[in-house]
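This report covers one open sheet and the helices that pack on it, with some totals for the chain. Please view the structure alongside the text.

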Amino acid sequence: MFIFRDNVINRWSVTADRLLSRHIVTRIRCVFRHHSLARTAVSLSDLPLETSAASSLGFGYMSTQATIELIRTRINSRFPLLFLATWEEDRWETELASLAMSLERGLVIWTATQGACPPLDDAQDEHRDPANFLDHVRRYPRDHVFLLKDFHPFLKDPIVVRRLRDLVPSLADENKTLLLMSPEPVIPLELRKDAIEIGLPLPGIDDLKQELRELMIERQHSGEPAIKLSSSQKEKLLKAVAGLTARQARQSLSRALTGRKVVDDEVYALLVSEKRHMVQGSEFLEFYDLAEGVSDIGGLDALKEWLAKRSHAFSLDAQRKGVPAPKGLLLLGVQGCGKSLTSRAIARLLSLPLVRLDVSALLSSDRGQSEKNLRDVLALTEMISPVVLWLDEIEKGFAGVDTEGGGGDSTMIRLMGRFLTWMQEKPATVFIVATANSVNGLPPEMLRRGRFDELFFVDLPNFHERKQIFTIHLRKRALDPEQFNLTELAEGTEGYSGAEIEQTVLTAMVESFHRESQPTHEDLQRAVEDTVPLSVTMEEKIFQLREWARPRCRAATPDSRVLQMLEAEQREKTGAETGAFNLLEEEEEDDSGWRAAAAEGELQAAIYEYVVERGGVFFDRLQRDFSSIVDTTGEFGIALRSDPNVVLWIGLNADASTAIARLLTDRKLYVTPANGSVQEENAPPKLQRLPVLPDTRISRPCWFPVKLTAETPDEVDERLTRVARMKLKR
């Protein structure tokens, strides 16, 4: 083998073509052309490799460069046996040959079919026998590295294992290291104290860049149409094939781009589908094609906006700036309201593969097998990362975990504990999307920040969302939405879920097919009338779920309940369709919305609309304007929970103070410091004014002037969102 000292080859006189594969020789010749080798070892930085901080896409696995450095330190530290796990034999043979050059070590490659290369002598047939080859290792000179390919089947032979044990002391003394490379190395019990296992990573982004670059050159030479790729398109293409071997990535890119002049969503979806075979052998993970997108979801605007912002955090630019990749989200809500559809749409938005984990399938009657199943699944998930991991109805998957009494199933408790730890510490980019129809059985550890980036509550669709859902499902069935009165249909499906609306469309299609005609508006109306929605049959459970989620989860559709009530009232009065945001526009002359709500006793809705119309208002103005419709004066006030002596306003009755406190706690309204804009004559009597919100508790009641607003402040002081009704002491 080549030993680079004084620009000569050592006494092992063999040709490069016999010693190394063709692509290794090319790399060596490249180094020869560009570097002086006189009395100098070829360092790894001299080789034509592309390495960077993003070489592994930032997705948690050790980069190629870092792994090579790890192997370098092990060899220099005289570790005798290194078991290397990889499917990419050719790529890593190249890397290891370059490493041997930089270390000034000879490299001998052994396979069961070819024997040793270079051989110690002409007895090549003898070298094919693993036991005989190990005997010959002693006869090679010092400072050698031996790459043994697919040696693991022979480790079942006790003679081979014994000879390896006998060989270990001399390997360390003579600076020799055996590298046993195979897809899944198994270290025999006898060698575990002398051997180290190292997983060789899949190609990083720089390796994949090179594959894409070479592919584009091939396309140009073969007469394929030219494709101009922007930097963002290149990044998305590389992310889509991340997790594949270099050869697989090259083949997938070639297949997806063949005959195309532009890169669209279909290309990304096709590339992601190439990872399907990676989970085919797993009975616990199910691969989903990226069929649905965000446009297939009706409503949920707040959730869509959140997802659009978080999708940029997966970019390489975000990683270079230290922006952490999002961990995932939990979708809690009413059944049939689009949680599963949203999970599938998220994967398409991120251009990442989507795999679904069936937690219940992990359970096994064999002791310890369930935990092993979970470890294998998580390892496979990380291997194909970046990926979206979908946990559907997570409360059922982890059923049996007693979150209060401690009497739950021990196996499920261990699974839950390991999964929660992995959620917190996982190194790879695995975006988790969990859905739940109930909070029962979900431990508080899973709901805390750090496991998920956000908890969203998906409620029943409002009027405008129901119109969108009807439009989506009609178009999917090649029906023209303009031929139907969508306003009337949306009005008649109050309390219906998205799945129930879809079912009414399907029912109308079946009925019309029986008549051999196209569905009509009347068919849809009859289907709606014949459907009993879940909101009726399970009204109590849905109410409990809403009440639990309101202060704890972020609404996927902001302020849906209040807006629905106001919109319904507006449509009933005008007989016309009103946009969701038209109700929130300020009208100088027409205050009928909040006035009517106040007159009918809907004080909370009235206060909300009143504040929204004006953009912001002080408490004294609110009381003065409401006094002509309803009496709001009394012996109650609003104070901070963190310090009840900090009073925001006094002189309210029980209904008004409760309504305002609820709107502030639910974050439908906010209070912001009024600074010096409140005049003293507008201040509540007998209370000293606080110029700023104190950091510590105060000893006696004081007034802190604030302004009510519906707009989220740039900086939210959490103390001002936790308020309570208080009664004045006489």
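The text below describes a predicted model, beginning with the chain as a whole.

The chain has 730 residues, and 51% of them count as buried. Its secondary structure consists of 29 helices and 20 strands. Its accessible surface is about 35,200 Å², with 48% of that belonging to carbon and sulfur atoms. When contacts between residues at least 6 apart in sequence are taken, 74% of them join residues at least 24 apart.

**The sheet**

The sheet is open and is formed by five strands with mixed pairing, in the order 17-18-15-14-20. Strand 17 (688–689) and strand 20 (723–727) each have a single partner strand, so each of these edge strands has one side without a neighbour in the sheet.

Strand 14 (residues 633–640) and strand 15 (residues 646–652) run antiparallel and are joined by five bridges. Within this pair, Thr633 is found opposite Leu652 of strand 15.

**Helices on the sheet**

Helix 28 and helix 29 both pack on the sheet. The table lists the strands touched by each helix, together with the angle between its direction and that of one strand.

| Helix | Residues | Strands touched | Angle |
|---|---|---|---|
| Helix 28 | residues 619–626 | strand 14, strand 15 | about 15 degrees with strand 15 |
| Helix 29 | residues 654–665 | strand 14, strand 15, strand 20 | about 165 degrees with strand 20 |

Strand 14 and strand 15 are thus touched by helix 28 and also by helix 29. Strand 20, which stands at an edge of the sheet, is among the strands that helix 29 touches.

Note on methods: Residues are numbered from 1 along each chain as its sequence is written. This is a predicted model: local features need pLDDT of at least 70, side-chain atom pairs count only at pLDDT 80 or more; totals for chains, interfaces and linings use all residues. Side-chain values use heavy atoms; hydrogens and water are left out. Two strands pair if DSSP finds at least two bridges between them. Helices (H or I, at least four residues) and strands (E, at least two) are DSSP runs, numbered from the N terminus. Contact means heavy atoms within 4.5 Å. Axes are lines fitted to C-alpha atoms, for helices over the stretch in contact, and angles run from 0 to 180 degrees between N-to-C directions. Buried means under 20% relative accessible area, exposed over 50%, partly exposed in between (1.4 Å probe, protein chains only). Accessible areas come from the Shrake-Rupley method with a 1.4 Å probe; for residues, only the protein chains shown count as cover.
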